[in-house]
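Work through the exercises below with the model open. Each task is followed by a stepwise solution.

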Amino acid sequence: MASTGKRENPNIGITKSKRQKSGADSDKIDDLAASESVLSGFKLKTVLRDSAREKNIFLHGKLDDHEAVVILEKTPIREDTLSEMFSGSRLKLEMKNDIYSTYQLQPPAHLNEIKTTVVCPATEKHVKKYLCQETFLVEETGEDYRSITLPYIKSQSFGIQWVYNILEKKAEANRIVYEDPDQDVGFVLLPDLKWDQKQLDNLYLIAIVHRRDIKSLRDLTAQHLPLLRNIRQKGEKSILERYGVPASKMRVYLHYQPSYYHLHVHFTALGYDAPGTGVERAHLLSDVIQNLLADPEYYHSRSLSFPLRADDSLLREFKEAGRLST
Ligand code: M7G
């Protein structure tokens, strides 16, 4: 994995005044202390997906009688922890042969943490999202969007209460990296759920717009150019200032289809193979801006391709409308 910079711990440099300004103390939902034993009652039903290479596992089960998805993920080893790792760990020899030997290294607990994400209560859609499945590419015309996709997302999409909680400072207020409060071109920039902020190699932030009337890329027209340019300029500047990562080391893009229909932009480290960066789903913000400059209605009229999972009901809608080539 390519390194994005030398500052290994991005939390360094977050000043107390910045934390206070973002309203951390008034945050009620982020009650971290109360969550310590939250997983002790988890009852596993199925393993949705696991990967030895990515060192993660996605589980579906029950937590206090609610459906729950739990994601466990081993995090990368940080260079700035190596000396403590070598001096403070137990080393158990597994085998030795000539010049070769392998060990089990047992580091202190705080260097051996597992990033854990809990979705509870989880909907059936959450469970399906993480289930490993065959996917199919759909080519959606502007007309398909209006007649098939739009009615579907109005009835079926994931809730976006978490987005409103962020915009209203009811959750994650202490994690905000930058905010432009303007209700037209403003946004909130903060670490994505997927990033533990322990190292820059897998840097992942999202910019969530204050406007509530833009569902996705499909709604964008030239009138949104000031908003998009603002996100790009101020997002890149804030990430440079906070983490020391320049724009040339970042991938800034939108997903189509997104999971959550409230406009947001992904900022990921260029060297990080983040989920959803393939050409069938990611649209670079710089390309989006260029396309809208060339044609103000580009995203209303153009066909856009995206993958859908085998059991996605939107796929069924496209099939029933005869819009899926087999
Ligand atoms: P997307 O393109 O709508 O869907 O991106 P995807 O999840 O299929 O990529 C939404 C982004 O928001 C993803 O990168 C999520 O990891 C992130 N995200 C989702 N939730 C529920 C939260 C949350 O509660 N807090 C934060 N900070 N990020 C979230």
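Ala, Val, Leu, Ile, Met, Phe, Trp, Tyr, Cys and Pro count as nonpolar; Asp, Glu, Lys and Arg count as charged; the others, Gly among them, are polar. A residue is near a molecule if one of its heavy atoms lies within 4 Å of it. This is a predicted model: local features need pLDDT of at least 70, side-chain atom pairs count only at pLDDT 80 or more, and totals for chains, interfaces and linings use all residues. Residues are numbered from 1 along each chain as its sequence is written, and side-chain values use heavy atoms, with hydrogens and water left out.

**Exercise 1. Describe the shell around the ligand.**

Step 1: count by class. The shell has 7 nonpolar, 4 polar and 6 charged residues.

Step 2: find the nearest. Of the 17 residues, these are Glu172, Asp192, Lys194, His255 and Ser259.

Step 3: add strands (DSSP runs of E, at least two residues, numbered from the N terminus). β10 (204–209) and β12 (264–269) each supply at least two shell residues.

**Exercise 2. List polar pairs between side chains and ligand oxygen atoms, then state the cover.**

Step 1: take aspartate 192. An N or O atom of its side chain is 2.5 Å from a ligand oxygen.

Step 2: take the histidines. A polar side-chain atom of histidine 255 lies 2.6 Å from an oxygen of the ligand. For histidine 266, the distance is 3.1 Å.

Step 3: state the cover. On its own the ligand has 590 Å² of accessible area (Shrake-Rupley method, 1.4 Å probe). The protein covers 90% of this area.

**Exercise 3. Characterise the surroundings of aspartate 312.**

Step 1: locate it. Aspartate 312 sits in the loop between β14 (304–309) and α9 (313–320). Helices are DSSP runs of H or I, at least four residues.

Step 2: check charge. Aspartate 312 is buried (under 20% relative accessible area, 1.4 Å probe, protein chains only). It has no salt bridge (a side-chain nitrogen of Lys or Arg within 4 Å of a carboxyl oxygen of Asp or Glu). Lysine 125, the nearest side chain of opposite charge, is 5.0 Å away; Lys and Arg count as positive, Asp and Glu as negative, and His and the chain ends are not counted.

Step 3: check polar contacts. These are N or O pairs within 3.5 Å; within protein, one atom must be able to donate a hydrogen and the other to accept it, and residues adjacent in sequence count only if both atoms are side-chain atoms. One of 3.4 Å joins the side chains of aspartate 312 and tyrosine 152.

**Exercise 4. Locate the cis peptide bond at proline 121.**

Step 1: read omega. From cysteine 120 to proline 121 the bond is cis, with omega near 0 degrees.

Step 2: place the residue. Proline 121 is in the loop between β6 (114–119) and α3 (124–130).

Definitions and conventions. Buried < 20%, exposed > 50% of the residue type's maximum accessible area, 1.4 Å probe, protein only.
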